[in-house]
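Reader: I should like to learn how the features of a structural model are read, one at a time. Would you take me through them with the case at hand?

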Amino acid sequence: MRGPNAPRSHTDRAGREWARPIMASAPSPGPRTRTPPLPPRSAEVTSSRSSIRAPLSGRSPPLWAAWVGALSPRWRRRRRGMSMPVPPLRRLHQAPRHLLVCEKGHTRHPRSRHAAHVRDHAYNCRVSFLIPECGILPEVLKSSIADVGEYYLVRNLSVHELVAHEFIDAFVKKGSCYALTYNTKIDQDNTAALLPNGKLILSVDKDTYEELGLQGRPSQYSGKKVMRYIITIDLTDPGFHPDSKKHNRVLWALKEKKPLEFDFLLAWYNTGAEGSTLMSYFSKNQIQALKPKITFSTLRDLQCPVLESNELQGKPDESCSTEELFEWLGAVWNQVSLDNKSSSFLSTYCCPQPNTVVEKAFLCTITGFIIPEKIIHLLEQLCCYFGEPKLAYWLTLTVHGFADSPVSWRESEHGFHKGGENLYNFVIFRNLDYWLQMAVGTNDDCPP
């Protein structure tokens, strides 16, 4: 049964229903060095658009709770009726905040935003889809998976080569170019990323920022003592031409004053160009063409929650809610047993009620540097899967972003904190309705 504090859902002009379900979440894995203890028993749960209070259980949380995008509490003390911030030392013992945003729509609606949300999430490291009641993948889907395409790893590439006008004219202005530093840690190292809209994002420490002398802004996750800065350079700005003072200043700072050099992941999308262009342009550098890793598996006798496309919040004894499905998916991806056996010392989690057992379900995972255009094509083919009668009532497509990317959605700053989570999941129903679930961790803005 749901209490009076259950999150509300709303419907806009396009017929999309959205809601912001909020629930308590367990701590993510430690900030690379330590694991925080469990949080207190109760707390206040808040979000940017709605506020509720929910109790937290004192027992051990599920092992996959870090995967589940939920809003964890922001702990406060109450004194004389006023809310006071928690002292910094006590924050070490707090659970990090997680946020899950849900949206409902129809893939064939003229105002559907499902493709726009995929485009806004530029850097993706893993794509997975799950199809219940499917043992053999259709040939159309197999060809879509094979068409994910190559990406490139360029070693020791200087950042100033990305602001050269030869590169801008050949790639940035003639397609969607993606670049992301490889094997860098967003909370420790200098990092860089080139977005498909032509904006170069530099996330640098204080010393590097002062040496570069370029205009930027403090990172919103630095705290009171600013130790990290964000520099944004628009390569498509009309004033950023070869003879402009702005271009010469940026080139001098990155080439002579403070050269920055990284290993980069690169990808370029242009329907009218050959894929070997990047390889030929960086032929003087150490460049390597890579293909995504693809794995297939069949899950037997899988317990699946019962879903209704028009019920985001679910109905008691009739259908499960969107947050229950999201937690269930986390257990499936992490291969957690759903049996809830008394002999299990790892997990007491079980599939939410009501549920049904499917004889087999097909699971596919693609790992690599995957650009949004390829994900949109795969999503469209998954929608076409229901073009013929199928036993499955729904399927899912889950996309994980890079934990150490400088941005998550659009140009929103992204931080690692204790997990660096940024991911989204589509639930496509047989009638082509969809649920979109977008989840981020502590150091992230609310998804669009």
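Reader: To begin with the charged side chains, how many salt bridges does the count come to?

Author: The general idea is that side chains of opposite charge can pair when their charged atoms come close. In this predicted model, the count comes to 12 salt bridges. One of them joins the side chains of Arg108 and Glu380, with an N to O distance of 3.0 Å. Arg108 belongs to the loop between strand E7 (99–106) and helix H2 (114–120), and Glu380 to helix H9 (residues 372–384), so this pair ties together parts that are 272 residues apart in sequence. Arg108 is partly exposed at 39% relative accessibility, and Glu380 is partly exposed at 32%.

Reader: Glu413 also forms a salt bridge; which residue is its partner?

Author: The partner is Arg217, and the closest N and O atoms are 3.3 Å apart. Glu413 lies in the loop between strand E19 (394–401) and strand E20 (422–429), while Arg217 is in strand E13, so the link is between parts 196 residues apart in sequence. Glu413 counts as buried, at 6% relative accessibility, whereas Arg217 is partly exposed at 37%. A further salt bridge pairs Asp237 with Lys246, with the closest N and O atoms 3.2 Å apart. Here Asp237 is partly exposed at 27% relative accessibility, and Lys246 is partly exposed at 41%.

Reader: Strand E13 brings us to the sheet. In what order do the strands of the open sheet run?

Author: The open sheet has 8 strands in the order E13-E14-E12-E11-E10-E15-E9-E16, and the pairing is antiparallel. E13 and strand E16 (286–290) stand at the edges with a single partner strand each, so one side of each is left without a neighbour in the sheet. Within the sheet, 4 bridges join strand E11 (residues 191–194) to strand E12 (residues 199–205), and these two run antiparallel. Thr191 stands opposite Ser203 in E12.

Reader: Where is Ser222 found with respect to the strands?

Author: Ser222 is in the loop between strand E13 (217–218) and strand E14 (228–234). A polar atom of the Ser222 side chain lies 3.4 Å from the backbone oxygen of Arg228. Apart from its neighbours within four places in sequence, Ser222 is in contact with Met227 and Arg228.

Reader: Let us turn to a helix. Is helix H8 largely enclosed or largely open to its surroundings?

Author: As a general guide, an α-helix has 3.6 residues a turn, so residues three or four places apart point the same way. In H8, 10 of the 12 residues are buried, so the helix is largely enclosed by the rest of the structure. Among the buried residues are Leu325, Phe326, Trp328, Leu329 and Trp333, together with Glu323. As for length, the 12 residues of H8 (residues 322–333) should span 16 Å at 1.5 Å a residue, and the end C-alpha atoms are 17 Å apart, which agrees. Just after H8, Gln335 takes a positive phi of about 55°.

Reader: Finally, what does the pLDDT of the protein chain average?

Author: The average is 81, and 77% of the residues score at least 70. Residues 1–11 have a pLDDT below 50, and this stretch has 23 contacts in the model beyond near neighbours in sequence. For residues 19–84 the pLDDT stays under 50 as well, and the model has 169 contacts for them beyond four places in sequence. The rule to keep in mind is that where pLDDT is low, the predicted coordinates should not be read in detail.

How values were computed:
Residues are numbered from 1 along each chain as its sequence is written. This is a predicted model: local features need pLDDT of at least 70, side-chain atom pairs count only at pLDDT 80 or more; totals for chains, interfaces and linings use all residues. Side-chain values use heavy atoms; hydrogens and water are left out. A polar contact is a pair of N or O atoms within 3.5 Å; within protein, one must be able to donate a hydrogen and the other to accept it, and residues adjacent in sequence count only if both atoms are side-chain atoms. Contact means heavy atoms within 4.5 Å. pLDDT is the predictor's confidence in each residue, from 0 to 100. Two strands pair if DSSP finds at least two bridges between them. A salt bridge is a side-chain nitrogen of Lys or Arg within 4 Å of a carboxyl oxygen of Asp or Glu. Buried means under 20% relative accessible area, exposed over 50%, partly exposed in between (1.4 Å probe, protein chains only). The expected span of a helix is 1.5 Å times one less than its number of residues.
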